[in-house]
Amino acid sequence: MKDIGEKIKDLREERFLSPKQLAEEIGVAKSAIWDYESGKKQIPISHLALLADFFDLSVDYLLDRTEKVIDLDLQDIATKSSINLRLDDQVLDKNEIADAASYIQVKRRLESYNDVNS
């Protein structure tokens with residue numbers, strides 16, 4: 001598991017940027033980038049957000065929190081306005097999500113029935 005400074009350095013080098021160039025891109029001092037990469041200073045939340053946006057990554061990725069599982073109930077997801085499920089590049093509507101949930105429930109019941117009767 002890499003620390004955040006190593007990740008930032010790797011991401012910067014993958015894009016062939018110097019610390020100065022990265023600092024200019026996100027609007028911070030060059031010394032800040034050096035300090036973050038070397039672990040001499042903690043990264044303020046505002047700079048963490050700038051780095052995540054610049055590299056088009058989540059802050060969770062930078063903080064090594066990518067293994068966290070998000071547990072969503074398919075039957076409740078249609079009511080959550082901030083979540084869109086897509087299939088074939090189209091957002092599923094409330095009825096399609098309900099249909100998918102019903103299908104999976106029936107399929108599981110059939111599999112369970114078949115396991116018991118086998």
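**Group meeting: a helical chain, from Gly39 outward**

Let's start at one residue. Gly39, just after helix 3, has a positive phi of about 80°. Helices here are DSSP runs of H or I with at least four residues, strands are E runs of at least two, and both are numbered from the N terminus. Gly39 sits in the loop between helix 3 and helix 4. Is Gly39 buried or exposed? Gly39 is exposed, at a relative accessible area of 55%. Buried means under 20% relative accessible area, exposed means over 50%, and partly exposed is in between, with a 1.4 Å probe and protein chains only. Gly39 also has a partner far back in sequence. Its C-alpha atom is 8.2 Å from that of Ile4, and the two are 35 residues apart along the chain.

A word on the model. This is a predicted model: local features need pLDDT of at least 70, side-chain atom pairs count only at pLDDT 80 or more, and totals for chains, interfaces and linings use all residues. Residues are numbered from 1 along each chain as its sequence is written, and side-chain values use heavy atoms, with hydrogens and water left out.

Now the whole chain. The protein chain has seven helices and two strands. From the N terminus, the order is α-α-α-α-α-α-β-β-α. The radius of gyration is 22 Å, well over the 13 Å that the globule rule gives for 118 residues, so the chain is more spread out than a compact globule. That radius is taken over C-alpha atoms, and the rule is 2.2 Å times the number of residues to the power 0.38. Along its principal axes, the C-alpha trace spans about 65 × 30 × 25 Å.

How much of the chain is buried? Of the 118 residues, 22% count as buried. The chain exposes about 9,200 Å², and carbon and sulfur atoms supply 49% of that. Those areas come from the Shrake-Rupley method with a 1.4 Å probe; for residues, only the protein chains shown count as cover. Next, contacts, meaning heavy atoms within 4.5 Å. Take the contacts with a separation of 6 or more: residues 24 or more positions apart account for 46% of them.

Back to helix 3, residues 30-38. Its buried residues are Ala32, Ile33, Asp35, Tyr36 and Glu37. What covers them? The cover includes helix 1, helix 2 (19-26) and helix 4.

Two of those covering helices also meet each other. Two packed helices are described by the angle between their axes and the distance between the axes. The axes of helix 1 (residues 4-14) and helix 4 (residues 45-55) come within 12 Å and cross at roughly 35°. Axes are lines fitted to C-alpha atoms, for helices over the stretch in contact, and angles run from 0 to 180 degrees between N-to-C directions. Which residues make the contact? Helix 1 supplies Ile4, Ile8, Leu11 and Arg12, and helix 4 supplies Leu48, Leu51 and Phe55. By class, that is six nonpolar, no polar and one charged. Nonpolar covers Ala, Val, Leu, Ile, Met, Phe, Trp, Tyr, Cys and Pro; charged covers Asp, Glu, Lys and Arg; the others, Gly among them, are polar.

Leu51 comes up again. Its C-alpha atom is 9.5 Å from that of Glu25, 26 residues away along the chain. Glu25 belongs to helix 2. At 53% relative accessibility, Glu25 counts as exposed.

Now backbone angles in the loops. Most residues other than glycine have a negative phi. Phe16 is not a glycine, yet its phi is positive, about 55°. Phe16 lies in the loop between helix 1 and helix 2. Phe16 is exposed, with a relative accessible area of 75%. Asp56 is another non-glycine with a positive phi, near 55°. Asp56 is in the loop between helix 4 and helix 5 (59-62). Asp56 is exposed too, at 69%.

Last stop, helix 7 (residues 94-116). Asp99 is found there. Its relative accessible area is 53%, which counts as exposed. The C-alpha atoms of Asp99 and Gln75 are separated by 9.5 Å, with their positions 24 residues apart along the chain.
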